[in-house]
Number of protein chains: 2
Amino acid sequence: MIRLSQLFFTTLREDPAEAEVASHRLLLRAGYIRRAGAGLYSWLPLGLRVRRNIERIVREEMEAVGAQEVLFPGLLPREPYERSGRWTEYGDGIFTLQDRKGADHLLAPTHEEVFTLLVQDLVSSYKSLPLTIFQIQDKYRDEARPRAGLLRAREFTMKDAYSFDVSDAGLDASYRVQRDAYERIFQRLGLDYVIVDADAGAMGGSKSEEFMHPTAVGEDTIVRTAGGYAANVEKFQTVVPEPIAIEGQADAVVRETPDTPTIETLVADANARFPREDGREWTAADTLKNVVLRLTHPDGSRELVVIGLPGDRGVDEKRVEVAFQPAEVTAADEDDFAANPGLVKGYIGPWSASGAVLGEKAATGIRYLLDKRIVDGTSWITGANEPGKHVFGLVAGRDFVGDGWVEAADVRAGDPAPDGSGPVTLERGMEVGHVFQLGRKFADALGLKVLDENGKLVTVTMGSYGIGVTRNLAAIAEIARDDKGLIWPREVAPFDVHVVATGRDQAIFGVAETVVAELEARGLEVLFDDRPKVSPGVKFGDAELIGVPQIVIVGRDAVEGSVEVWDRATGERQKVEIGELQAALGR
Amino acid sequence: MIRLSQLFFTTLREDPAEAEVASHRLLLRAGYIRRAGAGLYSWLPLGLRVRRNIERIVREEMEAVGAQEVLFPGLLPREPYERSGRWTEYGDGIFTLQDRKGADHLLAPTHEEVFTLLVQDLVSSYKSLPLTIFQIQDKYRDEARPRAGLLRAREFTMKDAYSFDVSDAGLDASYRVQRDAYERIFQRLGLDYVIVDADAGAMGGSKSEEFMHPTAVGEDTIVRTAGGYAANVEKFQTVVPEPIAIEGQADAVVRETPDTPTIETLVADANARFPREDGREWTAADTLKNVVLRLTHPDGSRELVVIGLPGDRGVDEKRVEVAFQPAEVTAADEDDFAANPGLVKGYIGPWSASGAVLGEKAATGIRYLLDKRIVDGTSWITGANEPGKHVFGLVAGRDFVGDGWVEAADVRAGDPAPDGSGPVTLERGMEVGHVFQLGRKFADALGLKVLDENGKLVTVTMGSYGIGVTRNLAAIAEIARDDKGLIWPREVAPFDVHVVATGRDQAIFGVAETVVAELEARGLEVLFDDRPKVSPGVKFGDAELIGVPQIVIVGRDAVEGSVEVWDRATGERQKVEIGELQAALGR
């Protein structure tokens, strides 16, 4: 039992200025966490209790499927990450430092390398496999924009598990076991989730699925169909239209289109001065937009690339990141245009026959990549690579080709799903778990081999399974709340019951002590608001803010033997005899 | 229950080359930990279980005295450490890094600053005090020489607690409570300890005591008397002898003493050529040795200092470090002598009347500090500040004075204790816990004030209480062992019982499963050696190495209903009926 009069906590009446999202605001206001620096948080006793509950649930489900707990340092030498290639791949995303002898170290963002090396150290035969080991550990990422409290922090806690198998079938089985365990974890945490196909990202590997929690504050986009398709927008594959016959299409015409540097001005101008013969209006979808991006590769080298896509779509930041990873992608700036006079801002086109630069990779070193919708035979209004000029009726496959395809355009509700299950819907989501099949990437890089049944050395295949403890806590806080405060699910709540003694009558406090003692004797963890000089209103407000799911009010009627049971979620209050309290609480 | 056939562990037959001390060797050999880098360790499942047990004991004892658990980040911004002055004081001892925006951060070596700031954030009135909060957290120190496995690592786990009080008396009380809790913790851990007076070190503050575990592998020296005195050698205060009458002592004489640059050669030469009139031999104790040291201050500035002490004593590295902290102390090198021609190597003396440099601070900028035994009237043979010359009969207080006193000479068995309790003995020890009264240093630096009963703002006074979780684990391993392996105390052992099934008879394994199930039903944690094709000899060897205190051997007699209970510590084996097993185990 913890007495609120003693508890190291304080509630805030005002919304803290630093908090952008509800979970962050409430966790600060209710005295769960405090900011220690950008993306760095300190845990107060209430917060730590919730956190430990989540860790316990994760640990129980891991142990239930035979995964064994280990623990690695947070500070690690460069060498293993050098061997896997990730020291450079991570770029600015990791914290690095040198020790007093000048040796490079990092604060581990994930631990694939050292898990692999540890298994290499301990395991030499297929007989010791399959094996799944995990840790619950602090991770560090030097986020460009730490935000939303625990949702995107620079120090955060994860459970990361790794499976080790000899065969692909073994990996499939280990993966399935972890995936199932994750489903149980999220059910216990009370978090809705969608399992989506995901990009394997910097990890390499093949199959990868994310557990996405649908929420407006999520940074990801979930693309789904009623027919069962579900993917992270990063992973969405465009359905390629059928090509159109080129023969019989009119020749392209270059036209003076002064002051039309945007799609909007171009379409307006085209409709006003060059209307279609069939009377239909030109729309943005008839234009071919060419976007210039700058890639910065992990080795520091830079490259420009131009993406051609239908003018009614934008470039999706996440999709384009995935398309070019591990390079960092930014918009091209004035310097880039100045250095490449062939790129006529506002009038860039793909046409090469006119002597314009694009598409002639050899001449400019700039790759020209196309959205998959720009199939042969499609006809476009696009830039003529000269100031104030556009070309009409430029036909893909006849007048221009790209240097390749790219999945970079944004995805829209109504787009067809790649599996044929119909039009997609979009939803914001937050990644709360990630399972993927790394395969042999790390084992190859670090030389993890074991003897198989025939005494032959074979490379081990690995799976990687991550779940963010602190992020999940925030995700729960984001949904488990109302306008008065938090409403924790039972399994993660900091306490089972919050007993509030009201009034100034000593006898009431005496009864409250007895009630608390009885609840404790039943194994319940109790928060006891025993503050003598605090008004009932303030106590109730604090109880609502803190969010223990069941509240017992010990007030005036207590001396006659009855208390009130208050359900935090429904707001329902019910008068019960003290003798019936356990039953009323359902405990 | 964990099956040994599934456990992620391996025992090593050979002593690992990297291990210098027994605990390190055994923790590696028995599969508890692995090295991940210099002073960085990974925890295997067995090691993690022991570690969690130690954490649990520490947590229980903290909670029993009302301390509340919180948790801070390991990565922290520079700012609070700048305000306390410790950013520079720590020098090379901490890991620092810059984030992607160039902002300085550190990996916290201790957390005084952020504890102080958190309390400042949450507490505004004396009514919320006293308060003691703690965390169990990883700490980082960039040790010059990480060594002895977990005993001196660069990443290690500590419980650090801090108390906050309004009054000095309150601090005394909070300090006492923690000190008592520490005694209980060490008793539960099965670790002998001596509570010694300690230097408060870089932390500032006043009263400071260390819990020293006496062990040959300790880096500290415990100074004790039978009469109850106990101090870290760093803290030992020399008993100052009575001064001697100066009047009537003969004048000092400078003598040619070529080729006597050491105390040994000087004493031999003096006895051969300048024997004492009373026939007694000259000894090293009659000489005054002058040692030149270089101090490097945290701001990078350097200074030479000369220490005069009796020639039969050396300068104690730890004592001299404390004397000059936070400066770093090294021996002066050839460059230092070259830059200060007044320092005649091998013939340095304190004499200033002759025109020699020492003692004339203004002339050279070199401080000359004396051991406290060099009291007025003592007469010495010492260097004459000229090559090949010494001076005899140089009297302190008449012929020379120092710029101050210094506690730098080594302490010897037989030296009188400062409290008058008799001659001291010396013993190697390891610091396993530390309690100290910080006082108002951090509260002053960071502005932690609260309103007192009279509505006046007063600065809070703090205590700091640290105990090394991972170091204590190693300290236990250092004593809880024999030549065959580890012998864990009950409370920290990775399992309660280790059940070993021997032989090839399926029936035996069947009985073993039943025995294990029964032990588990009683709430015991069982390690079950179920490996089917491993010989009894190997299994017993592994059991001895792993060190679970009670082993149950299920062998041939099992089918007739009896097993053997093997006490790991005494080696005693006792045949018992399965029905009597619980009783025999005393559980």
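A salt bridge here is a side-chain nitrogen of Lys or Arg within 4 Å of a carboxyl oxygen of Asp or Glu. By that rule, the structure in your viewer holds 114 salt bridges over all chains. What you are looking at is a predicted model, so a word on confidence comes before the walk. Chain A averages a pLDDT of 92, and 96% of its residues score at least 70. For the model as a whole, ipTM is 0.87 and pTM is 0.88.

**Stop 1: the interface**

Colour chains A and B differently and turn to the place where they touch. How many residues of chain A are in contact with chain B? Select them and you should have 51, facing 51 residues of chain B. Together the two sides bury about 4,400 Å², and carbon and sulfur atoms give 61% of that area.

Next, show the side chains here. Side chains of opposite charge can pair when their charged atoms come close. Across the interface of chains A and B, the rule finds six salt bridges. For one example, pick A:Arg52 and B:Glu69: these two form a salt bridge, with their closest N and O atoms 3.5 Å apart. Now highlight helix H2 of chain A, residues 45-64; this helix gives the largest share of the side of chain A that touches chain B, namely five residues. Sorted by class, that side of chain A has 28 nonpolar, nine polar and 14 charged residues. If you switch on polar contacts, look for 21 residue pairs across the interface, both partners being at pLDDT 80 or more.

**Stop 2: the axis**

Zoom out until both chains fill the window. Two copies of a chain are related by a rotation about an axis and a shift along it. In this model, a rotation of 179 degrees with 0.0 Å of shift along the axis superposes chain A on chain B, at an RMSD of 0.2 Å. The two copies are therefore related as by a two-fold rotation axis. To find where chain A comes nearest to that axis, select A:Leu97: its C-alpha is the nearest one in chain A, at 2.7 Å.

Why do the copies meet through the same surface? Because 100% of the interface residues of chain A are also interface residues in chain B.

**Stop 3: a pair inside one helix**

Stay with chain A and select residues 78-84, which make up helix H3. Show A:Arg78 and A:Glu82, whose side chains meet in a salt bridge at 2.5 Å, N to O. The two residues are four apart in this helix, about one turn.

**Stop 4: backbone details**

Switch to sticks for the backbone. In chain A, go to the loop between helix H8 (317-324) and strand S17 (328-331), where you will find A:Pro326. The peptide bond leading to this proline from A:Gln325 is cis, with omega near 5 degrees.

Over in chain B, select B:Pro130, in the loop between helix H5 (112-122) and strand S8 (131-140). The bond from B:Leu129 to B:Pro130 is also cis, and its omega is near 0 degrees.

For the last selection, move to the loop between S8 and strand S9 (155-165) of chain B and pick B:Ala148. The phi of B:Ala148 is near 60 degrees, a positive value in a residue other than glycine.

Conventions:
Residues are numbered from 1 along each chain as its sequence is written. Chains are lettered from A and ligands numbered from 1 in the order in which they are written. Side-chain values use heavy atoms; hydrogens and water are left out. pLDDT is the predictor's confidence in each residue, from 0 to 100. Contact means heavy atoms within 4.5 Å. Buried area is the accessible area (1.4 Å probe) that two parts lose on being put together, summed over both. A polar contact is a pair of N or O atoms within 3.5 Å; within protein, one must be able to donate a hydrogen and the other to accept it, and residues adjacent in sequence count only if both atoms are side-chain atoms. Ala, Val, Leu, Ile, Met, Phe, Trp, Tyr, Cys and Pro count as nonpolar, Asp, Glu, Lys and Arg as charged, and the others, Gly among them, as polar. Copies are superposed by least squares on the C-alpha atoms of residues with pLDDT of at least 70 in both.
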